[in-house]
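Ready for some hands-on practice? Open the structure below in your viewer and work through the exercises in order, trying each task before you read its solution.

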Amino acid sequence: MLTEKEIKQVHPEYSEYAQHWDYYYRSYIGGEEYREGAYLRKYLNEDAAPGDQYGQRLLNTALQNHVKSIVHIYRSYLFRTSPTRTLSNTVALPDVNAFLYDVDLNGTDLNAFMKKIQDSLMVYGSMWLVVDRPAYRTLTRAEELQMGIRAYVNAYVPGNVLDWEYTPTITGKQQLTYLKMIEHSGDEYDQLVVWYSERVERYWVEKKGFKQKIVSKGSIGSYEYAYNDEIEYGKILKAEEYMNPLGSIPAFRVSTDDGHSQIADIADTQRQIYNRLSELEQSIRISGHPTLVKTADTQAAAGAGAVITVPEDLAADKNPYLLQPSGAAIQSILDSINMDVEAIDKMAHTSGIRGTVGTPMSGVALQTEMQMLNSRLSDFAEILQEAEYKIWDLFFIWQGIVADADFAIEYEKSFDIRDKHSDLELLRKANEFTTVPLLQQEIQKQVAKLLIEDEQTLNAVLASIAQPVVNGEVHSAQTPETVLEHIDQMITEGYTDEQIKAMHPELADAVIRRLRNQ
C-alpha cells in the first residue's frame with residue numbers, strides 16, 4: 001500500500017505539462033472556464049484603478065472559439081462514414097452487442113465514445129484508456145447477463161493520470177507495470193486507483209486544499225484568481241486492495257505522432273484574438289462615450305442635453321472639456337483579427353472549408369490544402385482504428401472470448417474533401433462554352449454526382465442523362481408505351497430508315513417499314 005507521501009508523487013511529464021493541459025482544455029471549452037483562466041493581458045497599474053477593472057474587462061470580452069470549431073470540423077469528416085466492424089464469430093454474443101451500444105456503462109455507444117477520444121486527442125495530444133470489469137462474482141452465466149456484469153472502457157484525460165511506469169520485458173518490449181490515476185473527484189476527497197500487474201489498490205484521499213503556484217511573467221494566465229493551483233492531498237481516509245486477475249494492466253495510452261496537443265498554436269492565436277477583441281470593445285466604448293474633464297466644483301449631468309453649471313469665478317482655462325480618442329484604431333484592430341483568423345485556417349488546413357465568400361485562393365492552392373487536410377485526417381483515422389483494436393483485445397480477454405481471423409475494424413482512410421461551390425461554378429462555365437452534346441452529357445453527370453447523395457436516386461438520374469447521341473444530336477429516351485408514336489413522328493419529320501435505326505437499334509427493320517407504309 002502507498003504512503004501519504006507516495007500518494008502525492010506525480011510523473012515528471014505531469015508536472016511539466018499539467019498547466020498546459022488545463023490551458024488547452026479551457027481553450028476548447030470556452031465560456032466561464034476560459035474566463036476563469038484570465039488570459040487577458042493586464043495593463044500597468046490596472047490593479048490600482050478604482051473597482052475591479054480587470055474583472056470587468058474579462059466579463060465584457062467575448063471569445064471567438066476557433067479551437068472548438070476546428071476540432072468539430074475534423075470530427076465531422078472523420079465520422080462522416082461510420083467505421084465498419086466485422087464481428088465475425090462474436091456477432092451473436094450478448095456481451096458483445098451490449099458493449100457496442102453501451103461501451104462505458106453510461107449509455108454511450110462505441111461510435112460516440114470514439115468521437116470523444118478524437119476530440120480529446122486533438123486537445124491534449126494523448127489519452128489513457130482502461131478496460132475494466134466489475135469484481136462482483138455471480139453463480140451462473142444467466143445471472144451475470146441479467147445483472148449486466150461485463151467489461152467496459154473508461155477514458156482518462158492526461159490531467160487525471162498522476163503517475164505511471166513502463167518496465168522492459170526480456171524481449172525488450174515496454175510493458176506498463178504501474179498506473180496511478182484519479183478515478184473520481186469530489187469536494188472533500190478524491191478516489192484514486194493504482195494498478196499493478198498483480199493487484200489493484202484504491203484510495204480515498206482527503207483534499208487538504210490547494211497549493212498556489214507563483215505566477216511568473218511568462219505564464220499563460222496572470223490574474224490573481226487564475227486557475228494555477230495544485231491539489232494538496234491530506235491523509236488517506238480509506239484504502240482497499242484486491243487481486244488483478246489478468247496479470248497485466250488493462251490500460252494503454254493513445255497519442256498522436258508527437259504526443260503533443262494539435263491545437264496548441266491555434267489556442268495561442270485564439271488567445272491573441274481574445275485580447276484584440278478586448279481592445280476593440282474598449283475602443284468602441286471610449287469613442288462613443290468621451291471623458292468629461294472638469295473641476296470638482298463644476299456640476300454636470302450625464303446624457304444627451306445635459307446641463308453643466310460652472311462657478312462664476314471659474315478661470316477660462318478651467319472650463320470643462322471632453323477627451324475623445326480617435327476611432328481610427330478600430331479598423332486596424334479588425335484587420336489584425338482577420339489576419340489571425342486566416343492564420344488559424346492555414347494552420348488547420350481549413351481555409352477551403354471555413355473561408356468566407358470572396359476569399360482569394362487559387363485552385364491549385366485549394367487542392368493542395370485539401371490534400372494536406374486529407375492526410376491529417378487519415379493519420380487520425382489510423383490512430384483511432386488501432387486504439388479500437390486494443391479496446392476489443394482487452395474486452396475479449398476480460399470476457400474469455402476468442403475472436404477468429406475474420407474479426408476486423410476498418411475506419412475510412414480517404415476523405416473526398418471537395419469545394420462543391422467551386423466545382424459547380426467550373427462545370428457551369430464549361431457547359432456555357434461547349435456545344436458538343438456528348439460533353440454536355442458528361443458535365444450533367446458530374447453535376448448530379450456533386451448534388452445527389454442517395455445512390456439509388458443518383459443511378460436513376462444518371463440513367464436519364466445517358467441518352468443516345470446520333471449525328472451530334474441528343475436523342476430523348478422512350479418508353480415502350482411511347483416509342484411507336486415517337487417513331488411515327490420521326491417519319492413525319494423526314495428521318496430516313498438508317499437514322500431511325502441508329503437512334504433506336506432495339507427496333508426491327510420490319511417494324512419501321514410497317515410504320516412507314518401506314
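**Warm-up: a non-glycine residue with an unusual backbone angle**

Task: Is A38 buried or exposed, and where does this residue sit?

Solution. Keep in mind that the model is a predicted one. Start with the accessibility: A38 has a relative accessible area of 0%, so this residue is buried, the cut-off being under 20%. Next, find the place: A38 belongs to the loop between α3 (31-37) and α4 (53-60). Finally, look at the backbone: phi of A38 is positive, about 55 degrees, although the residue is not a glycine. Most residues other than glycine have a negative phi.

For a companion case, go to L105, another residue other than glycine with a positive phi, near 65 degrees. L105 is in the loop between α6 (94-101) and α7 (110-124). At 36% relative accessibility, L105 is partly exposed.

**Exercise 1: the overall picture**

Task: How many helices and strands does the protein have, and what share of the residues is buried?

Solution. First count the elements: there are 18 helices and 16 strands. Then turn to burial: 36% of the 518 residues count as buried. For the surface, the exposed area is about 29700 Å², with carbon and sulfur atoms supplying 52% of it.

**Exercise 2: into the core**

Task: Which residues touch the most other members of the largest nonpolar core, and which helix gives the most to this core?

Solution. The largest nonpolar core has 80 residues, and M114 and W392 touch the most other members. Helix α12 (residues 363-399) gives the most to this core, namely 13 residues. Now select W392 and set aside its neighbours within four places in sequence: its contacts include L87, F99, L110 and F407. A second, separate core holds 13 residues, among them L179, M181, V193 and A251.

**Exercise 3: a hairpin**

Task: How do strands β4 and β5 run, and how many bridges join them?

Solution. β4 (residues 161-168) and β5 (residues 174-185) run antiparallel, joined by 7 bridges. To check the register, find V161, which stands opposite M181 in β5. Then follow the chain through the turn: 5 residues lie between the two strands of this hairpin, and G172 in the turn has a positive phi of about 95 degrees.

**Exercise 4: salt bridges**

Task: Which residue forms a salt bridge with E13, and how many residues apart are the two?

Solution. The partner is R253, with the closest N and O atoms 2.6 Å apart. E13 is in helix α2 (residues 12-29) and R253 in strand β9 (residues 251-255), so the pair links distant parts of the chain, 240 residues apart. E13 is partly exposed at 23% relative accessibility, and R253 is partly exposed at 24%.

Task: Which residue does R85 meet in a salt bridge, and is E388 buried or exposed?

Solution. R85 meets E388, at 2.4 Å from N to O. R85 is in strand β1 (residues 84-86) and E388 in helix α12, 303 residues apart. E388 is buried, with a relative accessible area of 0%.

Task: Why are K390 and E386 separated by about one helical turn?

Solution. The two are 4 residues apart in helix α12, which means a separation of about one helical turn. Their salt bridge has its closest N and O atoms 3.7 Å apart.

Technical notes
Residues are numbered from 1 along each chain as its sequence is written. This is a predicted model: local features need pLDDT of at least 70, side-chain atom pairs count only at pLDDT 80 or more; totals for chains, interfaces and linings use all residues. Side-chain values use heavy atoms; hydrogens and water are left out. Buried means under 20% relative accessible area, exposed over 50%, partly exposed in between (1.4 Å probe, protein chains only). A nonpolar core is a set of buried Ala, Val, Leu, Ile, Met, Phe, Trp, Tyr and Cys residues joined through side-chain atoms within 4.5 Å. Contact means heavy atoms within 4.5 Å. Two strands pair if DSSP finds at least two bridges between them. Accessible areas come from the Shrake-Rupley method with a 1.4 Å probe; for residues, only the protein chains shown count as cover. A salt bridge is a side-chain nitrogen of Lys or Arg within 4 Å of a carboxyl oxygen of Asp or Glu.
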